[in-house]
Amino acid sequence: MIRAPMGNRKYWSEWSKFRLKTIEDEKRIFETPSANPVYRPQYILNNLHNRIEYIISLYSDGTPIQHLSQYFEEVLDTWELSNRLSDEICKERGLESCRSWDFSLSNLNHYNWCFWLVGLALSLEISNDQWQRLLTLIDGEGEDELLDRVIASRSPNRRIGTALLHAKPYGRLLKAVDAPKKKQAALLRDFVDHWYIELKRPTPKDHRTSPTQPFWYFYGDPKKSPLEMGHYFGRWCIEAVAAVKAFGLDDSLCLGHEHYPGDLLRPDRPTTHPVRNEPKTVRGWFAKLFNKNLE
């Protein structure tokens, strides 16, 4: 069944195939000598983002949870390759660093991606080797209290930051984590209710500065990025799943919420998402009528 609240079976079938083909085509390109080696690390990084979107789109289209972890290794391989090539370019040009990952307000996209990857890693229970590779790639130890504490649920020696870098929406999640157990379920639901809304950022006064909400924020919006463009891969609050897995929060009030990917934590159980009835096609109606006439 389709888990996402938008997109029919045709949409998910066609665009999942398109995403996979794009990933494979890009890989063939970056495995060959590049005419522009300086851009190559960024091109590979874009491929990494496409791979993350692909995993999430598979969740959206109803792929069994057990099948998702097989794609995690290439996510790590791709990120590591991009970093390695970036470091080589830096060295050639005498630069200390070409990249500086941080979770500041201006880099909400990176924080968002990292939190999603941690949530997927925890819920899919990736191997210890993959987990350590992921933490090396994410880095940022001691920068953000919430993400550090989530990571520390599997890596107890993680240094915990003292700041919450993105108070909206993540202050609500931290509040749920710190609340008495009897209040956690309601506060977790409150976070999920506000998650998408509070990721929106006001347009900067300086027109040269991009808005800092995640770049995927408008995917599926009928005016800004309608479904026929194929960008939409779901709007899932994987951060909430990460916290539930890390701290044993009660997520019962979130099940069935349009943004809560509860099936990630229940791989062998019935779906937590409302069953969507696909409209019958004309062909299906004629087939049914034809079969009835044969009886």
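**View 1. E14 and K10 pair up in helix α1.** In this predicted model, the side chains of E14 and K10 form a salt bridge, with N and O 2.9 Å apart. The two residues sit four apart in helix α1, so about one helical turn separates them. Their surroundings are not alike: E14 is partly exposed, at 41% relative accessible area, whereas K10 is exposed, at 54%.

**View 2. R19 reaches across to E53.** Here's another salt bridge that involves helix α1, with R19 and E53 meeting at 3.0 Å, N to O. This one links distant parts of the chain: R19 belongs to helix α1 and E53 to helix α2 (residues 40-60), with their positions 34 residues apart in the numbering. R19 is buried, at 11% relative accessible area, and E53 counts as buried too, at 7%.

**View 3. S16 is tucked into helix α1.** Look for S16 within helix α1 (residues 9-30). With a relative accessibility of 8%, S16 counts as buried. A polar atom of the S16 side chain lies 2.8 Å from the backbone oxygen of W12. Beyond its neighbours within four places in sequence, S16 touches Y54, S57 and D61.

**View 4. R3 has two partners, D263 and Y59.** The side chain of R3 meets that of D263 in a salt bridge, 2.8 Å from N to O. That's a long way along the chain: R3 is in the segment before α1, D263 is in the loop between α9 (238-247) and α10 (282-294), and the two are 260 residues apart. Both ends are out of the way, with R3 buried at 10% relative accessible area and D263 buried at 3%. R3 also lies over the face of Y59, 4.6 Å from the ring centre.

**View 5. A salt-bridge network takes in five residues, E73, D77, E80, D129 and R133**. Salt bridges link these residues into a network. Across the structure, the count of salt bridges comes to 20.

**View 6. Y170 and F191 make a tilted aromatic pair.** The whole structure has 23 aromatic pairs. In the one shown here, the ring centres of Y170 and F191 are 6.1 Å apart and the planes make an angle of 45°, so the pair is tilted. Y170 comes from helix α7 (residues 167-178) and F191 from helix α8 (residues 181-199), so the pair ties together parts 21 residues apart in sequence. Y170 counts as buried at 0% relative accessibility, and F191 is buried with a relative accessible area of 0%.

**View 7. W195 stacks with W216.** The ring centres of W195 and W216 are 5.8 Å apart and the planes are at 25°, so this pair is stacked. W195 sits in helix α8 and W216 in the loop between α8 and α9, 21 residues apart. Both tryptophans are buried. They also belong to one aromatic cluster, which includes W113, W116, Y196 and F218 as well. Over the face of F218 lies K224, at 3.9 Å from the ring centre.

**View 8. C237 stays unpaired.** Which cysteine sulfur is closest to that of C237? The answer is the one in C254, but at 8.1 Å the two sulfurs are too far apart for a bond. A disulfide would need them within 2.5 Å. C237 is buried, with a relative accessible area of 0%, and C114 is likewise buried, at 0%. The structure as a whole holds zero disulfides.

How values were computed:
Residues numbered from 1 in each chain as written. Predicted model: local features only at pLDDT ≥ 70, side-chain atom pairs only at ≥ 80, totals over all residues. Heavy atoms only, no water. Buried < 20%, exposed > 50% of the residue type's maximum accessible area, 1.4 Å probe, protein only. Polar contact = N/O pair within 3.5 Å; in protein donor to acceptor, adjacent residues only side chain to side chain. Contact = heavy atoms within 4.5 Å. Salt bridge = Lys/Arg side-chain N within 4 Å of Asp/Glu carboxyl O. Phe/Tyr/Trp six-rings, centres within 6.5 Å; stacked < 30°, edge-to-face > 60°. Lys NZ or Arg CZ within 6 Å of the ring centre and 35° of its normal.
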